[in-house]
Amino acid sequence: LFPKIKEEYKCMDVIDILKVVNLLFLPKYYQNIVALVFAVKKINKNPEILPNITLGFNIYDSHFSAQKTYHATMLLIYSMKNFFPNYICGIQNHLTSVIGGLDTKTSIDIANLLDIYKTPQLVYGSKPIMNYKIPGLLFFQMSPLERLQYEGILSLLLHFRWSWVGIVVMANDNGERIIEKIVPLLSQHNICFSYIGRLSELTTPNEIYDLFNEGAEIHDKIMDSNANVLIFYGESDIMVRVRWLAYLSRKSTADIVKGKVWILTAQMDLNSHVYQKNWDTDTMNGALSFTIHANDPPGFQTFSESRHPSMTEDGFIKDFWQQSFICAFKTSNIGEVVGDICTGEEKLEDLPVTFFEKSMTGLNTLYILQMFLKSFYFSDTNDCYLCPEGSYPNNNQDSCIPKTSTFLSYEEPLGISLVFFVILFSLLLVMVLAIFVKNHNSPIIIANNRDLTYILLISLLLCFLSAFLFIGHPEKVVCLLQQATFGIVFAMAVSSVLAKTVTVVLAFQATKPGSKMRMLVGKRLSNSIVISCSLIQIGICMIWITTSPPFPEKDMDSVVEEIILQCNQGSVTMFYSVLSYLGFLAVISFIVAFMARKLPDTFNEAKFITFSMLLFCSVWISFVPTYLSTKGKYMVAVEIFSILASSAGLLGCIFLPKCYIIVLRPDLNNRENLMKRKQF
């Protein structure tokens, strides 16, 4: 399979060769970095090129991996130190454009993210084909347009009267596009094709054998054909694999691919891996290549030749030096160096042209970028304008669309659904209240403190009705009342539950002989608990309203296409203080009820209070993260849902068991049976 490879590679397994290849980079790519640095310095030193603009750059290695390419692109878009997608934290450098990868796949991976932010990308080769994206991606091609290259190839073939040719392309979308364009064009001028070959891309190590077999097939096809002209379309790194073609064959004796005229497109570079340093380049003798115009500005040759491994500011130089000169730098943290030691005296001019040349490709890239930036800033000044407040740009960014105002209204399905449940639960509570009033003197109601029961029912009714304050157009008075009303009526409800629980515990203690708790049990204690706990919440709400009251606002920024009409809380700290106080009362009620759950059967209401407080706490604990993760009317809907769920939980857990006995089992609603029961 490899009859002409150097002796030291002859015995290597194919997978071993692949491992070597993966550990190496293409040394010639370093010259692009050198040209980039030189060009940036030159542009920044000349105030007439980009006045009041200083160029900077960050360089990332794609590692020919989509995962690492995406990560590197996100690091470019966001902060260099902290990575928080979709958030701008601290002072940021303005990312104006990105010079993409030398291959199409890398450019596509970069474009998938840059397209979100409309950041332009300069591509070295042809514009990538992205079938799943809408047109208009910001690609700027640095190599000559393909259409011009097609016309140049046609002119070349017609000039030399070459009418029998072969074509080899990459097996990807760009390669297929070349075939679709150039074959009909050449056929119209009576130029025929001996063969059309496709060279697959390497995606996994397991494909290396198939790739070599494919290369051998293409080699034999070229050699067996009587067409002496070969049109080859590839990308920057394809020459590394083209150089293998000279040594691949299915035949026992391989013929060196010579005597063929290669016509290469502009994006192909004459480069090689380290292990190919001394390989024969006679195959490419006589090749004709379309290329990018390059010049040698003053100082560039000196700048490129001054590269030395002692330059600490150059993070690439040592790797390049070791790979290019096949040596290693001796450092203190490693032992004996195997092979040659780098001295720093090696000469860049001794490297073959496939490793390093004084090409201005990278510099041309910066000059293209310079012209683009000039055009970008001038057009931005003259043609681009910010959309007026209350509007946003359309997808093409050529006109402004008015934003729509949104709030949780009574007319929309979400508002109607919430109103329905508010009315439903309110009617259920009124029915429960009517049942209790009708059976005011029944033993089960007397045993569970009638006054606290009525206070709790009325408080829960107000809790349900308070949800109406959150629906409809936000007004100043409504915003003032929303959270304050919610906080106070819920404090009354939870403090009533706390008072019932404390009364149960004290009543049991008072039944013990000689207990002094008898003097504490009664309406005075329960009323004091309800009033004092409610007054504390009223005080918190008064401080809130007087210091930083809620107010109606228009949120223009949270949603691109909408203006959110909402009540601003005024003070987030006070809002969560109200919630925290309710949580404190609920936790105390839960603890006391849990401790009293095993008291004698007459007082077994504690079991239901325990479950109701557990449900209450669960609802409001889950409320906080859900509330913070929503916006606009959905944020309001989350709070209404929490109000309804927690209030319905208290109503169902505490009062439905009593209603069951009063309505369906009146035979149990007497003092004797009540004392015997273990459920109610």
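**Exercise 1. Determine the handedness of the link between Cys 327 and Cys 342, and place both residues in the chain.**

Step 1. The torsion about the S-S bond is 95 degrees, and the link is right-handed.
Step 2. The sulfur atoms of Cys 327 and Cys 342 lie 1.8 Å apart; a disulfide is a pair of cysteine sulfur atoms within 2.5 Å.
Step 3. Cys 327 and Cys 342 both sit in the loop between α11 (317-325) and α12 (361-382), 15 residues apart. Helices (H or I, at least four residues) and strands (E, at least two) are DSSP runs, numbered from the N terminus.
Step 4. Both cysteines are buried. Buried means under 20% relative accessible area, exposed over 50%, partly exposed in between (1.4 Å probe, protein chains only).

The model is predicted: local features need pLDDT of at least 70, side-chain atom pairs pLDDT 80 or more, while totals for chains, interfaces and linings use all residues. Residues are numbered from 1 along each chain as its sequence is written, and side-chain values use heavy atoms, without hydrogens and water.

**Exercise 2. Work out the handedness of the Cys 479 and Cys 567 disulfide, and what the pair ties together.**

Step 1. The sulfur atoms of Cys 479 and Cys 567 are 1.9 Å apart.
Step 2. Their S-S torsion is about -75 degrees, so this disulfide is left-handed.
Step 3. Cys 479 lies in helix α16 (residues 476-510) and Cys 567 in strand β13 (residues 562-568), so the pair ties together parts 88 residues apart in sequence.
Step 4. Cys 479 counts as buried at 1% relative accessibility. Cys 567 counts as buried at 14%.
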